[in-house]
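Visitor: I am new to this structure and would like to learn how to read its features, one at a time. Could we look at it together?

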Amino acid sequence: QLLCEDVNVERFFPVLYPKASQLIVAFDEHVISNNFKFGVIYQKPGQTTEEEVFSNTVESQGFLEFLDFLGDKIQLQDFRGFRGGLDVTRGQTGTESVYTNFRGKEIMFHVSTKLPFTEGDSQQLQRKRHIGNDIVAIIFQDESTPFVPDMIASNFLHAYVVVQLTHSATGDTLYKVSVTARDDVPFFGPPLPNPAIFKKSAEFREFLLVKLINAEYSCYRAEKFAKLEERTRSALLESLFEELQLRSRSMMGLPVGEDDKIENGSGGFLENFK
């Protein structure tokens, strides 16, 4: 209790396993990821339903320029980077996508118009299967169009960054940005300026990518994801304790159960966790 008043265990056990620090770090960093997948939904003027936005097949020049600004257009076939759940062998999720590596973090964008379009399917489940399982999405608009999160039925999507194309008096490309998220998602930065209008620039691209990444981190603190995280962390902590105890007993030459034997350091928490 000198370390923490909330600790109510009777005693601590020494850990005598040389790789204990690796196991503890793996447990502590299990939520840290350098891979992200974000949805990008193209909303044409006047579209107000999920069926309408997921049925778009033609990309405007403004949307194409925004995608080029967002990242690199890549061919999915045999792509070696983070694929974000897209098929890179059989072409079942389209032929191309948008990808970027930002500050050492790999980001794959699920672009609604680049995912397969299915004739006769009003819900476009092939497209929604990917974007509906993302946590954060960009809504791109060529001009002012109402957007409300309830348009997209999803248990996972918790935050949207709405990017609306506009132009200055001299014809320069500008982007007007707004953000909406579910009520239980804490605020995430960087804060939007007032007015939230950006020039097409490297600074805005950095702002947007940081905003998306922070949005996902913040969404993990929403009730749905926080409960999942708590259960996962509890299970990992129990597994970590059992393995450290087992390894320490083995190092001291104490007997271990037949079911608990570890051969030559194979298996166990670290390997299974990876």
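Visitor: How many residues apart are F66 and F69 in helix α3, and what separation along the helix does that give?

Guide: In this predicted model, F66 and F69 both belong to helix α3, which covers residues 61-70, and because they are 3 residues apart there, they are separated by about one helical turn.

Visitor: Which values describe how two such rings are placed towards each other?

Guide: In general, a pair of aromatic rings is described by the distance of the centres and the angle of the planes. The structure holds 16 aromatic pairs. In one of them, the centres of the rings of F36 and F38 are 5.9 Å apart and the planes stand at 20 degrees, so this pair is stacked. For F66 and F69, the ring centres lie 6.4 Å apart with the planes at 40 degrees, so that pair is tilted.

Visitor: Are these four residues buried or exposed?

Guide: The cut-off to keep in mind is that buried means under 20% relative accessible area. F36 is buried with a relative accessible area of 2%, and F38 is buried at 0%. In helix α3, F66 counts as buried at 0%, while F69 is buried with a relative accessible area of 11%.

Visitor: Which residues do ring pairs link into a cluster?

Guide: The cluster is made up of Y42, F63, F66, F69, F140, Y175, F198, F204 and F207, linked by ring pairs. It may help to follow one member, F198, which is found in strand β8 and counts as buried at 12% relative accessibility.

Visitor: Which residues does F198 touch, leaving aside those up to four places away in sequence?

Guide: With those set aside, F198 touches T173, L174, Y175, V177, L192, P193, F204 and F207. Y175, F204 and F207 are also among the members of the ring cluster. A distance in sequence can be set beside a distance in space as well: F198 and T166 are 32 residues apart along the chain, and their C-alpha atoms are 9.7 Å apart.

Visitor: What should I know about the backbone before I look for unusual places in it?

Guide: The general idea is that most residues other than glycine have a negative phi, and most peptide bonds are trans. With that in mind, we can turn to the places here that depart from it.

Visitor: Which peptide bonds are cis, and where do their prolines lie?

Guide: The peptide bond from G189 to P190 is cis, with omega near -5 degrees, and P190 lies in the loop between β7, residues 173-181, and β8, residues 197-199. The bond from N194 to P195 is also cis, with omega near 0 degrees, and P195 is likewise found in the loop between β7 and β8.

Visitor: And which residues have a positive phi although they are not glycines?

Guide: One of them is D78, with a phi of about 65 degrees; D78 sits in the loop between β2, residues 72-75, and β3, and it is partly exposed, with a relative accessible area of 46%. Another is R103, with a phi of about 55 degrees, whose place is in the loop between β3 and β4. R103 counts as exposed, because its relative accessibility is 58% and exposed means over 50%.

Visitor: How does one find where empty space is left?

Guide: Rolling a probe the size of a water molecule over the atoms shows where empty space is left. Here, a search of the whole structure finds 2 cavities of 30 Å³ or more, and the second largest has a volume of about 30 Å³.

Visitor: Which residues line the second largest cavity, and which strand gives the most?

Guide: Its lining consists of L86, T93, E96, S97, F109, H110, V111, K114 and L115. Strands β3, residues 96-102, and β4, residues 105-111, each supply at least two residues of that lining, and β4 gives the most, with 3 residues. By class, the lining has 4 nonpolar, 3 polar and 2 charged residues.

Visitor: Finally, how many helices and strands does the whole protein have, and what share of its residues is buried?

Guide: The secondary structure comes to 7 helices and 8 strands, and buried residues make up 41% of the 274 residues. The accessible surface is about 15,800 Å², of which 50% belongs to carbon and sulfur atoms.

Key. Residues numbered from 1 in each chain as written. Predicted model: local features only at pLDDT ≥ 70, side-chain atom pairs only at ≥ 80, totals over all residues. Heavy atoms only, no water. 1 Å grid on protein atoms, 1.4 Å probe; cavity = no way out; pocket = protein on both sides within 12 Å on 5 of 7 lines; lining within 4 Å. Points joined across faces, edges and corners; volume = space filled by probe spheres on them. Helix = DSSP H or I, 4+ residues; strand = E, 2+ residues; numbered from the N terminus. Nonpolar A, V, L, I, M, F, W, Y, C, P; charged D, E, K, R; others polar. Buried < 20%, exposed > 50% of the residue type's maximum accessible area, 1.4 Å probe, protein only. Areas by Shrake-Rupley, 256 points an atom, 1.4 Å probe, with all protein chains shown as cover. Phe/Tyr/Trp six-rings, centres within 6.5 Å; stacked < 30°, edge-to-face > 60°. Contact = heavy atoms within 4.5 Å.
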